[in-house]
Amino acid sequence: MAQESPKNSAAEIPVTSNGQLEDSHEHSFNRDLKCSLPVGLGLSETKITSHGFDSAKEGVVEAGPFPSKGSSASPKPSVISPSSAAASRLAGQGCDLIIPTGSRAQQKSGPVVLADEVKNPAMEKLELVRRWSLNTYKCTRQIISEKLGRGSRTVDLELEAQIDILRDNKKKYEHILRLAQTLSTQLFQMVHTQRQLGDAFADLSLKSLELHEEFGYNADTQKLLAKNGETLLGAINFFIASVNTLVNKTIEDTLLTVKQYESARIEYDAYRTDLEELNLGPRDANTLPKIEQSQQLFQVHKEKYDKMRNDVSIKLKFLEENKVKVLHNQLVLFHNAIAAYFAGNQKQLEQTLKQFHIKLKTPGADAPSWLEEQ
């Protein structure tokens, strides 16, 4: 006679005095466990392993016969999955399947959405550094080759001549600007001295009765010279401001575009030389992709070079028109003001300033009044 399997406490169903099942937490647990097991597997042939609430293996049931007293082999655990045939039979019997989060029996349903691969910022920066290093190497090699006379360079003779003239004119205009600033400083010192001398003559005219008229004439003369000097100083400062704007802003902006054009020309020649070297080499499966990539890079830098050359040509044209107009007006102003001052023609000097809409600042005009200070 086969040995009867040991009685399991989990299989006992408590009964009340009237024969009904006792509705307790233990009985509810045993009933839910029965529904969660496959058909044909008795509670007496099953043991349950308990885990902590924090364990990720919640809901794992080890099913199998209890080992006999004389057997030392441990049963193999099996995980009940809702996708198995037993789960289907349990669902047909009206039992609920509870799949805890984090268990291996979790079922995924619905459409699967594949997210785009997240770009790594470090890899992007590394790629930018790599491209910059490669471009710098090519341009440096091209510059050294040109200086050593080994490499060829693209030259636009007409445009290069205009750029050389512009740079030479800029140096000459800067020299004129420095001389005009020196003249302005010296004239300011002279006007200041004449004003002080006129004040000294006027003071002596009041204190020396016997020389009252003589000191008075000299005081009036020095004050008139100081006034005319201030008018001439205003014209010269206006001339300096206009030439300074032309040299340090307008021409400098054009030269900045010229520098960008020269950088684009070096890059264009560098990639052109690289493409020529690849075309002279063998054409096989390894070199054809490199030639195609080099051709694409060459075309990109060629378009950039053509665009910068067109921009420089347009800016040089507009600069020449603006330079002629500005210098024409400023040179006429400078000539008329100097001639009227040294001729002693005060009326002509003032008329010259009115012609060019130059307003002189009266001494102390910038200082606020005592009402504004309050």
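**Lysine 170 and the nonpolar core**

Biologist: In which helix is lysine 170 found?

Modeller: Residues are numbered from 1 along each chain as its sequence is written, and helices are DSSP runs of H or I with at least four residues, numbered from the N terminus. In this predicted model, local features need pLDDT of at least 70, side-chain atom pairs count only at pLDDT 80 or more, and totals for chains, interfaces and linings use all residues, while side-chain values use heavy atoms, with hydrogens and water left out. Lysine 170 is found in helix H4.

Biologist: Does lysine 170 count as buried or exposed?

Modeller: Buried means under 20% relative accessible area, exposed over 50%, and partly exposed in between, with a 1.4 Å probe and protein chains only. Because its relative accessibility is 12%, lysine 170 counts as buried.

Biologist: Which residues is lysine 170 in contact with, leaving aside its neighbours within four places in sequence?

Modeller: Contact means heavy atoms within 4.5 Å. With those neighbours set aside, the partners of lysine 170 are Val247, Ile251, Glu252 and Leu255.

Biologist: Which element gives the most residues to the largest nonpolar core?

Modeller: A nonpolar core is a set of buried Ala, Val, Leu, Ile, Met, Phe, Trp, Tyr and Cys residues joined through side-chain atoms within 4.5 Å. The largest one has 41 residues, and Ile163, Ile251, Tyr261 and Val312 have the most contacts inside it. Two or more residues come from each of helix H4 (157-207), helix H5 (212-280), helix H6 (287-342) and helix H7 (346-355). The greatest contribution, 17 residues, is that of H5.
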